Amino acid sequence: MIEFYLDTRSGVSPYQQLVQQVRHALRLGLLGEGDQLPTVKEVVAHLAINPNTVLKAYRELEHEGLVAARQGVGTFVTATLAGTSLAAHGPLRLELRRWLAKARRAGLDEESIEALFLTTFRTPAQEDIA
Amino acid sequence: MNTVVQARQLGKRYGRRRWALRDCTVDIPAGHVVGLVGPNGAGKTTLLKLAAGRLEPTSGAITVLGGPPADTPGQLARVGFVAQDAPVYTQLTVAEHLRLGARLNPRWDAGLASERAARFGLTPAHRAGRLSGGQRAQLALTLGLAKRPELLILDEPVASLDPLARREFMQGLMEATAEHAFSVVLSSHLVSDLERVCDFLVVLVDSRVLVAGEVETLLATHHRLTGPRRDPGRLPAGQQVICASHTDRQSTYVVRTDAPIHDPAWTVTPLGLEDLVLAYLDRRPAGDPRTPLAVRP
């Protein structure tokens with residue numbers, strides 16, 4: 001079982017934060033197939049948030065095929081995110097480290113690196129191709 | 001849209017001239033936890049008291065769950081009301097409060113009442129006057145919940161509580177809404193109190209609804225744009241300006257739009273609920289204050 005938390009200053013909506021935390025736990029292998037998510041009532045009582053927020057998060061996870069609700073029992077993990085991509089993490093991290101070293105050599109400080117990464121990350125895909 | 005509270009040109013006057021609420025028209029949808037926010041003196045308490053049947057309107061009309069408020073014993077049983085500052089009888093014990101609740105309410109849930117009393121350390125033999133502020137609030141909430149209403153109205157329920165007691169109060173309220181389906185309307189002059197718990201927001205200023213809508217929709221359609229100075233007339237037609245400020249070089253807008261913002265000149269940042277409400281309060285003197293904004297179904 002995982003426990004949710006909310007970062008009120010992140011600017012990410014609470015329901016998205018819940019979705020992200022489940023995905024994150026799946027990616028890291030903290031949650032696996034068959035594991036149960038906290039019930040809506042438990043999450044609501046813990047975080048003092050609107051029940052619809054939790055329902056919406058769970059519906060989105062269901063839509064993505066990651067969890068399934070069993071009537072009257074709870075919501076269970078039905079898929080995993082870890083296995084497929086975990087192997088790629090190592091090489092990607094290595095490349096990223098090399099890139100970071102290059103950026104620092106070019107004189108970028110932490111903030112500039114972050115800004116460059118985020119703007120590039122958020123630029124729509126079609127502009128990358130052009 | 002199914003409404004729990006519907007007011008039409010609703011007004012309440014005290015004495016000969018003091019209007020606490022005037023010409024108020026609002027629809028509050030069912031199945032939500034609705035936050036009613038606005039500055040002090042906006043008319044929130046008066047509106048809620050009118051909805052609970054604690055006051056008679058001077059003018060206009062109000063219906064609650066499809067009928068006149070507090071019209072019949074049946075209607076009274078359907079609406080719970082927790083007034084400001086957790087009203088309890090200081091001389092009565094916790095147990096006496098619960099007995100009173102059981103006697104006055106046909107749908108009283110004794111199991112819920114005693115479970116909540118035990119959980120929040122409300123010792124049955126203690127007089128309500130000796131409870132802490134947080135415990136008094138929990139007792140008032142317990143009475144409101146155990147009534148098992150279809151609509152629970154709470155007026156500034158957490159205003160006088162410390163942060164921990166606030167959180168415990170909201171946890172209890174949200175847990176109850178998750179377990180039993182009922183509509184909630186709660187007021188606050190602080191948006192931060194309501195940000196997590198409400199999924200529908202009504203902003204009331206001077207008896208008027210400045211903006212109302214589902215919180216998710218409001219957050220998704222309002223953006224802050226910052227960039228080189230630009231005249232509002234040169235913004236796309238679909239962008240409704242909520243507030244604007246300019247320096248000689250830079251413009252900052254808060255706009256409402258359903259479409260994504262592609263203009264590369266703008267830095268677009270999302271708005272928190274508090275900033276969103278402030279943007280509306282800010283623009284009031286400039287715009288026409290009597291035109292309420294559209295409520296999304």
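A salt bridge is taken here as a side-chain nitrogen of Lys or Arg within 4 Å of a carboxyl oxygen of Asp or Glu. In this predicted model, the side chains of A:Glu60 and A:Arg23 satisfy that criterion, with an N to O distance of 3.9 Å. The pair joins distant parts of the chain, since A:Glu60 belongs to helix H3 of chain A and A:Arg23 to helix H1 (residues 14–27) of chain A, 37 residues apart. Over all chains, the search of the whole structure returns 15 salt bridges.

Three salt bridges are counted between chain A and chain B. A:Lys41 is paired in this way with B:Glu179, and their closest N and O atoms lie 3.3 Å apart. Side chains of opposite charge can pair when their charged atoms come close. Polar contacts across the interface of chain A and chain B comprise 10 residue pairs, with both residues at pLDDT 80 or more.

On the side of chain A that touches chain B, helix H2 (40–47) and helix H3 (51–63) of chain A each contribute at least two residues. The largest share, six residues, is provided by H2(A). Classified by residue type, this side of chain A consists of nine nonpolar, five polar and two charged residues.

In terms of contacts, 16 residues of chain A meet 15 residues of chain B. The two chains bury about 1300 Å² between them, and carbon and sulfur atoms account for 54% of this area. Of the area that chain A buries against chain B, 38% is supplied by A:Lys41, A:Ala48 and A:Asn50, more than by any other three residues. A:Lys41 thus appears both in this group and in the salt bridge with B:Glu179.

The second largest pocket encloses about 730 Å³ of space. Its lining is made up of 29 residues, and those closest to the pocket centre are B:Arg54, B:Phe81, B:Leu104, B:Asn105 and B:Lys147. Four elements of chain B each supply at least two lining residues: helix H2 (73–78), strand S5 (79–82), helix H3 (94–104) and helix H5 (133–146). By class, 20 residues of the lining are nonpolar, seven are polar and two are charged.

Definitions and conventions:
Residues numbered from 1 in each chain as written. Chains lettered and ligands numbered in written order. Predicted model: local features only at pLDDT ≥ 70, side-chain atom pairs only at ≥ 80, totals over all residues. Heavy atoms only, no water. 1 Å grid on protein atoms, 1.4 Å probe; cavity = no way out; pocket = protein on both sides within 12 Å on 5 of 7 lines; lining within 4 Å. Points joined across faces, edges and corners; volume = space filled by probe spheres on them. Nonpolar A, V, L, I, M, F, W, Y, C, P; charged D, E, K, R; others polar. Contact = heavy atoms within 4.5 Å. Buried area = accessible area lost by both parts, 1.4 Å probe. Polar contact = N/O pair within 3.5 Å; in protein donor to acceptor, adjacent residues only side chain to side chain.
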